[in-house]
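Subject: Structure for your review

Dear colleague,

Please find below the structure that I am handing over to you, together with its sequence. My account of what was found in it follows.

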Amino acid sequence: MSLKNRSSILNAIQQFGNFSNDELHAFQNKCFDLQLQKNDFLLEENQVSQTVYFIENGTFRSYFLNKENEENTTGLFIGKDWVFDMQSFTSQKPSRNFIQATENSSVIGIHMESVHELITQSQQFFALGKILELNASENLFNPQGTPEEKYKSLLQKKPALILKFPLKFIASYLGITPETLSRVRKRIN
């Protein structure tokens, strides 16, 4: 398999280190491709997150079910994002979250044990663990303030999400009702 077949993920990891062609080949050989249909799951509640996924195309959301069995969106992810349950991945304990495709999507995955194997082959891959932590924290969006301030913050920091996801997911992500989001959008627009 040529490096071009995985150019998007290889470009993503090159941002964090100067990997040789041999290292890139080694990384690529540990990766696998996965196609998902809308509503398929990368992770379900009570599974242990053992794989990190890089989104080539498509969209995903992470959510949990509250006591009333309502879905609370905790993350929205689009192409070129890394997606996994950071807490479950690092603790190796069952996740309370679901990670679900919201449209037909393709991802490149790498298992945690493969990351460990790469680190033993080259210290350069040690940076990969830091990349994943950094990307996970950057993908978390926790706006504070009024509904209008939350929406404006999303517009400023992650405007692509508004174009990619239904308003009910955006509202849940912001911690407001769809009706409130609709009113906020009318006032802003």
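A salt bridge is counted here where a side-chain nitrogen of Lys or Arg lies within 4 Å of a carboxyl oxygen of Asp or Glu. Please bear in mind that this is a predicted model.

Salt bridges

By this rule, the count comes to four salt bridges. Glu148, Lys152 and Arg187 are linked in a network of such bridges. Within that network, the side chains of Lys152 and Glu148 meet at 3.4 Å, N to O. Both of these residues belong to helix α6 (residues 147-157), where Lys152 and Glu148 are four residues apart, about one turn of the helix. Glu148 also forms a salt bridge with Arg187, and the closest N and O atoms of that pair are 3.1 Å apart. Since Glu148 lies in helix α6 and Arg187 in helix α9 (residues 178-188), the pair ties together parts that are 39 residues apart in sequence.

As to accessibility, Glu148 has a relative accessible area of 25% and is therefore partly exposed. Lys152, with a relative accessible area of 45%, is likewise partly exposed. Arg187 reaches 55% and is exposed.

A further salt bridge joins Glu71 and Arg61, with the closest N and O atoms 2.2 Å apart. This pair links distant parts of the chain: Glu71 is in strand β5 and Arg61 in strand β4, 10 residues apart. Arg61 counts as buried, at 2% relative accessibility, whereas Glu71, at 39%, counts as partly exposed.

Strand β4 and its partners

How enclosed is strand β4 (residues 60-65) by the rest of the structure? Five of its six residues are buried, so β4 is largely enclosed. Strand β4 is joined to strand β5 (residues 71-77) by six bridges, and the two run antiparallel. In this pairing, Phe64 has Asn72 of β5 as its bridge partner. The two strands, β4 and β5, form a hairpin with five residues between them, and Asn69 in the turn has a positive phi of about 65°.

Strand β4 is also joined to strand β7 (residues 98-101), here by four bridges, and this pairing is antiparallel too. Ser62 stands opposite Ile99 of β7.

The four-stranded sheet

Four strands form an open sheet in the order β1-β8-β3-β6, with antiparallel pairing. Its edge strands are β1 (32-36) and β6 (82-83), each of which pairs on one side only. Inside the order given, β3 and β8 are joined by six bridges and run antiparallel. Ile55 stands opposite Val107 in β8. Helix α1 lies across β3, β6 and β8, and runs at about 115° to β3.

Nonpolar cores

The largest nonpolar core holds 22 residues, of which Ile9, Ile13, Phe27, Trp82 and Ile110 touch the most other members. At least two residues of this core come from each of α1 (7-14), α2 (21-30), β3 (51-57), β8 (105-111) and α4 (112-121). Which residues does Ile9 contact, leaving aside its neighbours within four places in sequence? Ile9 is in contact with Phe27, Cys31, Phe54, Trp82 and Ile108. Apart from the largest core lies another, of 15 residues, among them Leu161, Phe165, Phe169 and Ile176.

Helix α9

In helix α9, Thr180, Leu181 and Val184 are buried. These residues cover an arc of only 100° around the axis, which puts them on the same side of α9. The buried residues of α9 pack against α6 and α8 (167-174). Helices α6 and α9 are thus connected in two ways: through this packing and through the salt bridge between Glu148 and Arg187.

Yours sincerely

How values were computed. Residues are numbered from 1 along each chain as its sequence is written. This is a predicted model: local features need pLDDT of at least 70, side-chain atom pairs count only at pLDDT 80 or more; totals for chains, interfaces and linings use all residues. Side-chain values use heavy atoms; hydrogens and water are left out. Buried means under 20% relative accessible area, exposed over 50%, partly exposed in between (1.4 Å probe, protein chains only). Two strands pair if DSSP finds at least two bridges between them. A nonpolar core is a set of buried Ala, Val, Leu, Ile, Met, Phe, Trp, Tyr and Cys residues joined through side-chain atoms within 4.5 Å. Contact means heavy atoms within 4.5 Å. The arc is that of the directions from the helix axis to the C-beta atoms. Axes are lines fitted to C-alpha atoms, for helices over the stretch in contact, and angles run from 0 to 180 degrees between N-to-C directions.
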